[in-house]
Amino acid sequence: MYDYDAVVIGAGLGGLSSAAILARNGFKTLVCENTNHIGGCCSTYEENGYSFDIGASIVELSWIIDELFEKLGRKVSDYIDWIPVDPIYGFLTADGKRFTYPVDPDETRKVITGFSEADGPRWDRFQKLGQSAIREAFGRIMTTPFATFGDAMKVMAKAPSMVKLVKYMGMNFESTLKSFFSSEQVRASMSLQSYFIGLPPALCPGYIAFLAYAEHEGIYYPRGGMVQIPGSIAKIFGEYGGEIRFDTRVKRVLMDGGRAAGVELMDGTQIRSRFVVSNINAKTLYLEHVGRENLPAWAVKAVESYEVSIPAPMIMLGLDTRPDLDAHHTFCYTTIEEMNAIWFEDYASRKLPDRGFMLVSWPTHADPSLAPEGHHCLNMVTFAPYELADGDWDDLKERYLETQLDFLEHRFGLKGIRDHITMARVSTPKDFARMLLHPGGAVYALQNDIMASAFFRPRLRSKAVKGLYLTGASTHFGGGVPPTIGSGIAAGSLMLEDFGRVM
Ligand SMILES: Cc1cc2nc3c(=O)[nH]c(=O)nc-3n(C[C@H](O)[C@H](O)[C@H](O)COP(=O)(O)OP(=O)(O)OC[C@H]3O[C@@H](n4cnc5c(N)ncnc54)[C@H](O)[C@@H]3O)c2cc1C
């Protein structure tokens, strides 16, 4: 009757993690992936001998990956060669000053006291709270199903440090940083992390500010590129008999008596399954693939209320020289006010970014094997609107590239870098949307404001459609490598609970 126990739509981290858990537990599982590559936003492609990451460029909270591999009966070190990344960031200030934040919190303290003696002890306080928040609270709940206020209370009971964070749920990122640090320099240097969930410091929930500590628990780059993470999970999935079909786009979820009962592909092929797992944007899933006609009115209203997250145009550069930068990630910033202006002025008025990019990732700093000998890769990332007021991304690629290269030469001080560029590729929000079918080119699926976080986000076990499970950035704790893997673990445990196997 059924072709598979489970069909998973999308081979991103969330989908693959839950698929591997299902396969390990004896479920006949198929993953349908629209592209010809594994990993969605956490992937790597090769061009002219250079390897470029499509999205994610670093891993923090790596113990979530350890937890997944343990559940799969495997050791991470047999599959992934982690390269520790230190320092965490290089910074370039508006007046051309350079400094770095090392992984060691005590070394970072020295940098912070260089800006403000008073902020040294405040960093200690921030670090202490960050440590318990990250280790005890975020770490634990990222892999725990979490659908209601009641679930939140249960987690609180098990992770008392969460109570200390409640205060910051009512604050924004900016006011949280202000409540700790007096130096503008220090606050601004930690403000980038708000955009790591796709929001400016003024709108981002306050507890996210503790991500600025999370990186001091250690950050890593997998040798061979970010694709090694989904590649390893896919390998284990295959070892347990799982099947992945590439270039296979799901058109709709098949419904049978109100239950999800398989998928229909673009070519009309129907694949029947006991249940369906989605790793795609929840708005697309519900409104297009399930269809409004199959949803209760409250569900349509709830799904429509979510905004998709901000897009991030990227520029990938191949260089025949070593760039004069200090770290795997270099962050160019001025003030918190400017970080907010990117959203409230540029994004709101649908302007092509001209303040310059904020983050440059230099993966060959960690792993030289990603480029030909003596060559390097740089990825330049900023945030920008999907629809532009003064034209279309497809026509403005060249202008965007030139603006950003000017910025690289003048603001980042990489004078003459143009003479060393062997290849340049611009990936606009439109390209990103076409490649991964992310509506609006959204990088983190749905916007992650407080009303779309945790139990306010679409549930892992659909309430509106029986037999439908969700994973990935639209759910649970939103975007990021650890949260999406965590969503796969948490959704996996729900499916095992519902379908009677033991992990
Ligand atoms: C520019 C950028 C930088 C980032 N940097 C970091 C970082 O440094 N560290 C970090 O932790 N996180 C980072 N992230 C976030 C992280 O990469 C993502 O949140 C995470 O990889 C998303 O995983 P996911 O499970 O939601 O699936 P996705 O990556 O969204 O994958 C979904 C998959 O579904 C497929 N699909 C879509 N529709 C269909 C369909 N109809 N049929 C079949 N297949 C379909 C897509 O092709 C895709 O492969 C970054 C993201 C971006 C975009």
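Me: What makes up the shell around the ligand, in terms of nonpolar, polar and charged residues?

Reply: The shell divides into 19 nonpolar, 17 polar and 2 charged residues, where Ala, Val, Leu, Ile, Met, Phe, Trp, Tyr, Cys and Pro count as nonpolar, Asp, Glu, Lys and Arg as charged, and the others, Gly among them, as polar. This is a predicted model, in which local features need pLDDT of at least 70 and side-chain atom pairs count only at pLDDT 80 or more, while totals for chains, interfaces and linings use all residues. Residues are numbered from 1 along each chain as its sequence is written, and side-chain values use heavy atoms, with hydrogens and water left out.

Me: Which of the residues around the ligand come nearest?

Reply: Gly-14, Glu-33, Cys-41, Gly-480 and Val-481 come nearest of the 38 residues around the ligand, a residue being near if one of its heavy atoms lies within 4 Å of the molecule.

Me: Why is the approach of Val-481 to an oxygen atom of the ligand called a polar contact?

Reply: A backbone N or O atom of Val-481 lies 2.7 Å from an oxygen atom of the ligand, and the pair therefore qualifies, because a polar contact is a pair of N or O atoms within 3.5 Å. By the same definition, Cys-41 qualifies through a backbone N or O atom at 2.8 Å from a ligand oxygen, and Leu-13 through a polar backbone atom at 3.4 Å from one. Taken alone, the ligand exposes 1000 Å², of which the protein buries 93%, with areas from the Shrake-Rupley method and a 1.4 Å probe.

Me: Which helix gives the most to this shell?

Reply: Helix 18 gives the most, with 3 residues; helix 1 (13-24), helix 17 (429-436) and helix 18 (481-499) each supply at least two, helices being DSSP runs of H or I with at least four residues.

Me: How do you know that domain 1 and domain 3 are in contact?

Reply: Contact means heavy atoms within 4.5 Å, and 21 residues of domain 1 meet 25 residues of domain 3 in this way. The two domains bury about 1800 Å² between them, 61% of it on carbon and sulfur atoms, buried area being the accessible area (1.4 Å probe) lost on putting two parts together, summed over both. Tyr-50, Phe-52 and Ile-54 supply 32% of the area that domain 1 buries against domain 3, more than any other three residues.

Me: What makes the peptide bond between Asp-86 and Pro-87 cis?

Reply: Its omega is about 0°, whereas most peptide bonds are trans.

Key. A polar contact is a pair of N or O atoms within 3.5 Å; within protein, one must be able to donate a hydrogen and the other to accept it, and residues adjacent in sequence count only if both atoms are side-chain atoms.
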